[in-house]
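Reader: Please take me through the ligand site in this model. I would like the surroundings first, and then the wider setting.

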Amino acid sequence: MADYHRKYFGLKKEVAPVLEGTYASRLVDLLRLKGYEVAFGGLTVKLAKEFGFCVGVERSIQMAYETRRMFPHKRIFITAEIIHNAYVNKQLVEMGCIFLNGQYKNGNFENITADDVVILPAFGASVEEIEEIKKKGAFIVDSTCGAVVSVWNNVHRYAKDDFTSLIHGKYSHEETIATASRATGKADGYTGIDVGKQGKYLIVRDMDEAKYVCEYIIRGGDRDEFLKKFKHGTSVGFDPDRDLERIGVANQTTMLSSETLAIQGAVRAAFVQKYGEAETQQRVRSADTICSATQDRQDAMGEMLQRRRPDVMIVIGGYNSSNTGHLAEMGIEKGVPTYHIDDGTCLMSKNEIRHQPIGAKENVVTENWWPRSAEPLIGITAGASTPNNKIGDVFVRLFELNGADLDEMMASVEALPTPELTEEEKRKLERMKILHH
Ligand code: SF4
């Protein structure tokens, strides 16, 4: 029987200096304290008030580092990227961790033995993967974020009560794969109970797909076309003529919250149209499971775009990071030139920026990206999986491109007055300091 571990190993003091040296940024810490904005040499750079590592990501990374420290002589596998950030995953590769899936894959499930340790990443792993590891008898370190587990609990309940889970998410995203596996009602052997029947799920990526489903709920439609359209996002044996009569809406925790809410509303409206108000209460359920970190970062981005619109927005984070991509979408929707980059090296010059447009699979280089204004305002934010040092690098690079003396710029940041913090802001700062103790 495999051991299953969901906590830290009590090695925070040992790993904290390494984490700090690898991911922290004194400049970013200062910016949080000094009001998030620096104007120097005619350029103003403003950080969103919420950005970067969330609590779930910090926990997952710390657990991975503690695991390495705890088992220095064992092989350590990770079922997929620990979080969606290239820099972080490469650090784990260098620490000898073996990835079982994704772009860093360098090992296979078949090779796992009872002598090995397997880490489940922040967005969890599917029931099937956990069962497979369990059979091997390996020691499991589960770093799944609590916000993800709360979605699992919802879809598991939907299965138990004969509701089909309609999951707003990306069918190929690790978290959605893990959530869908719970929507079938299976137990994962550690945290769940098998509901004893085959739960159903349907994954919709966006409002357009949700509208198609709503139309089918109201009027029916071409069953084969439906199954073809959602061939990657339905449970085995899914039948739209049978499985859309009772729906529980769920979501990948990092989707655009406004879209998840709109999808919940559209599904409810479709049921009201088909079954009437009273019956809809019995047939539709929903739960707000966008995680608070995603919500906070989206709110801060919204505030930034509303108050004093930046001439250009830079969004920093892994290209496969869902929550980072949604932040970039928000900028573009508001008509602000927005570039999703993964680190400071993407700012090639004042003329050229390397970035990945929304929906693209490859990077492109765009020319003439620097704002034309004589005294530009550039906004920065970063997804929940972006380390502070990568954010600090971008900040510095912007001033460097503008010809600033960086020592003088840093001195000007140090000299900024420290505004009085509210109790809420103090709590947030304390929470952010997890990597510094
Ligand atoms: S983004 Fe949300 S769900 Fe993902 S690790 Fe962070 S807190 Fe957890």
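Author: What follows starts at the ligand and works outward to the domains. The model is a predicted one. The ligand sits in the second largest pocket.

Start with the shell. Its cysteines are Cys54, Cys145 and Cys291. Gly56 and Val57 also surround the ligand, as do Ala147 and Val148. Thr253 and Thr254 belong to the shell too. Ala293, Thr294 and Ala384 complete the list. By class, 8 of these residues are nonpolar and 4 are polar. No charged residue takes part.

Now the helices. Helix H3 (55-70) supplies at least two residues of the shell. So do helix H6 (146-160) and helix H12 (292-307).

Next, the domains. The assignment splits the protein chain into domain 1 (15-54 + 292-436), domain 2 (56-144) and domain 3 (147-286). Domain 1 and domain 3 each give the shell at least three residues.

Last, the contact between domain 1 and domain 2. Their C-alpha centres lie 29 Å apart. Domain 1 brings 20 residues to the contact, and domain 2 brings 16 residues. Together the two domains bury about 1,600 Å². Carbon and sulfur atoms account for 61% of that area. On the domain 1 side, Val15, Tyr23 and Asn320 lose the most area to domain 2. Together these three make up 32% of what that side buries.

Technical notes: Residues are numbered from 1 along each chain as its sequence is written. This is a predicted model: local features need pLDDT of at least 70, side-chain atom pairs count only at pLDDT 80 or more; totals for chains, interfaces and linings use all residues. Side-chain values use heavy atoms; hydrogens and water are left out. A residue is near a molecule or strand if one of its heavy atoms lies within 4 Å of it. On a 1 Å grid over the protein atoms alone, a cavity is a set of points where a 1.4 Å probe fits but cannot get out, and a pocket is an open set with protein on both sides within 12 Å along at least five of seven lines; lining residues have an atom within 4 Å of a point. A molecule sits in a cavity or pocket if more than half of its atoms lie within 2 Å of its grid points. Helices (H or I, at least four residues) and strands (E, at least two) are DSSP runs, numbered from the N terminus. Ala, Val, Leu, Ile, Met, Phe, Trp, Tyr, Cys and Pro count as nonpolar, Asp, Glu, Lys and Arg as charged, and the others, Gly among them, as polar. Domain bounds come from an automatic or database domain assignment. Contact means heavy atoms within 4.5 Å. Buried area is the accessible area (1.4 Å probe) that two parts lose on being put together, summed over both.
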